[in-house]
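User: I am new to this structure and would like to be walked through it with a few questions.

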Amino acid sequence: MAAIYSLYIINKSGGLIFYKDYGSKGRMDTNDSLRVASLWHSMHAISQQLSPTTGCSGIELLEADTFDLHCFQSLTGTKFFVVCEPGTQHMEALLKAIYELYTDYVLKNPFYEMEMPIRCELFDINLTQAIQKDRVVLLGR
Amino acid sequence: MAPAAPRSGDAIFASVERVNAELFTLTYGAIVRQLLTDLEEVEEVNKQLDQMGYNIGIRLIDEFLAKSNVSRCVDFKETAEVIAKVGFKMFLGVTASVTNWDADGTCCSIVLEDNPLVDFVELPDTCQGLYYCNILSGVIRGSLEMVSMKTEVTWIRDMLRGDDAYELQVKLLKQVPEEYPYKDDE
């Protein structure tokens, strides 16, 4: 059964603004999650410079033995990436949906400060619903 | 998976929830009146409106990018077209056009056909220096700053001041791509 292990959102300067794990496989303590986030931010930036093709916007998919990492970067520099079971489908669509939830429940909250850690309950609730819906779709196949 | 095609301004405008236009006009009018009462100086009010617009713009840009699926613009000309055709349509329901390109392609005018902010508004003599719609210039400036473009946005023509149309001049000052903290000489 395809599953998401964890979700990270990084701001344009590489700071982790949101982290959520789903199940024990993706769980990390705070320091480790911050480390992963800044590591990914740097790797993503380096990959843009190393890429042999012009106009490369960075790593979109990293496939490893025990996990896949899908990354979506908005044109404003905010990165959304999800660590999931190898072979999980439709992660790009999920990341796009999470981006839309971010623009709604985080950015439209006037009390949310830009680039700061996300502490928006509505975002959490809607995110859980989106992931659940995704799970149901995956299980239903 | 193929990336989604960009959506037109009309399509997005039709799909979002709407609000009564008069409520919008009244709310904006109330904001301007309150700023005039609090700050008293017309220049200060212009600056505040621009700042408010900037704060809106930095958040609005992600909403715009998420809903419209536009890809990175190739040059500033495309940027201006996208702002006029998709942006203004999507958020204000107005059609805008881009004119008056300079030789470099870094400065243009966006002309608004109509403007829901100013329905029923007349400027009194005491507020002659006021740019009533200055929030729009801040919105454009804020949005473009979040996609690495530093711009200067000013009003060229303003119907409330007696001109025949609403014309914004958008000037690209510089492109500021993301700075990465890697220094070779450390």
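User: Which strands of chain A does helix 2 (residues 91-106) lie across, and at what angle does the helix run to strand 5 of chain A?

Analyst: In this predicted model, helix 2 of chain A lies across strand 1, strand 2, strand 4 and strand 5 of chain A. Relative to strand 5 of chain A, helix 2 of chain A runs at about 135 degrees.

User: What is the strand order of the open sheet in chain A, and which strands form its edges?

Analyst: The open sheet has five strands with antiparallel pairing, and their order in chain A is 2-1-5-4-3. A strand at the edge pairs on one side only, and in chain A this holds for strand 2 (16-21) and strand 3 (61-63).

User: How many bridges join strand 4 and strand 5 of chain A, and which residue stands opposite A:Asp68?

Analyst: Strand 4 (residues 68-73) and strand 5 (residues 79-84) of chain A pair in the antiparallel sense, over six bridges. Opposite A:Asp68, in strand 5 of chain A, stands A:Cys84.

User: Why does B:Leu23 count as partly exposed, and what is the area of the nonpolar surface patch it helps to make?

Analyst: B:Leu23 belongs to helix 2 (residues 21-39) of chain B. Because partly exposed covers the range between under 20%, which is buried, and over 50%, which is exposed, B:Leu23 counts as partly exposed at 46% relative accessibility. Together with B:Val19 and B:Phe24, B:Leu23 makes a nonpolar surface patch of about 270 Å².

Technical notes:
Residues numbered from 1 in each chain as written. Chains lettered and ligands numbered in written order. Predicted model: local features only at pLDDT ≥ 70, side-chain atom pairs only at ≥ 80, totals over all residues. Heavy atoms only, no water. Patch = residues over 30% accessible without salt bridge, like charges linked within 9 Å, V, L, I, M, F, W, Y side chains within 5 Å. Areas by Shrake-Rupley, 256 points an atom, 1.4 Å probe, with all protein chains shown as cover. Salt bridge = Lys/Arg side-chain N within 4 Å of Asp/Glu carboxyl O. Helix = DSSP H or I, 4+ residues; strand = E, 2+ residues; numbered from the N terminus. Buried < 20%, exposed > 50% of the residue type's maximum accessible area, 1.4 Å probe, protein only. Pairing = 2+ DSSP bridges. Contact = heavy atoms within 4.5 Å. Axes fitted to C-alpha atoms, helices over the stretch in contact; angles between N-to-C directions.
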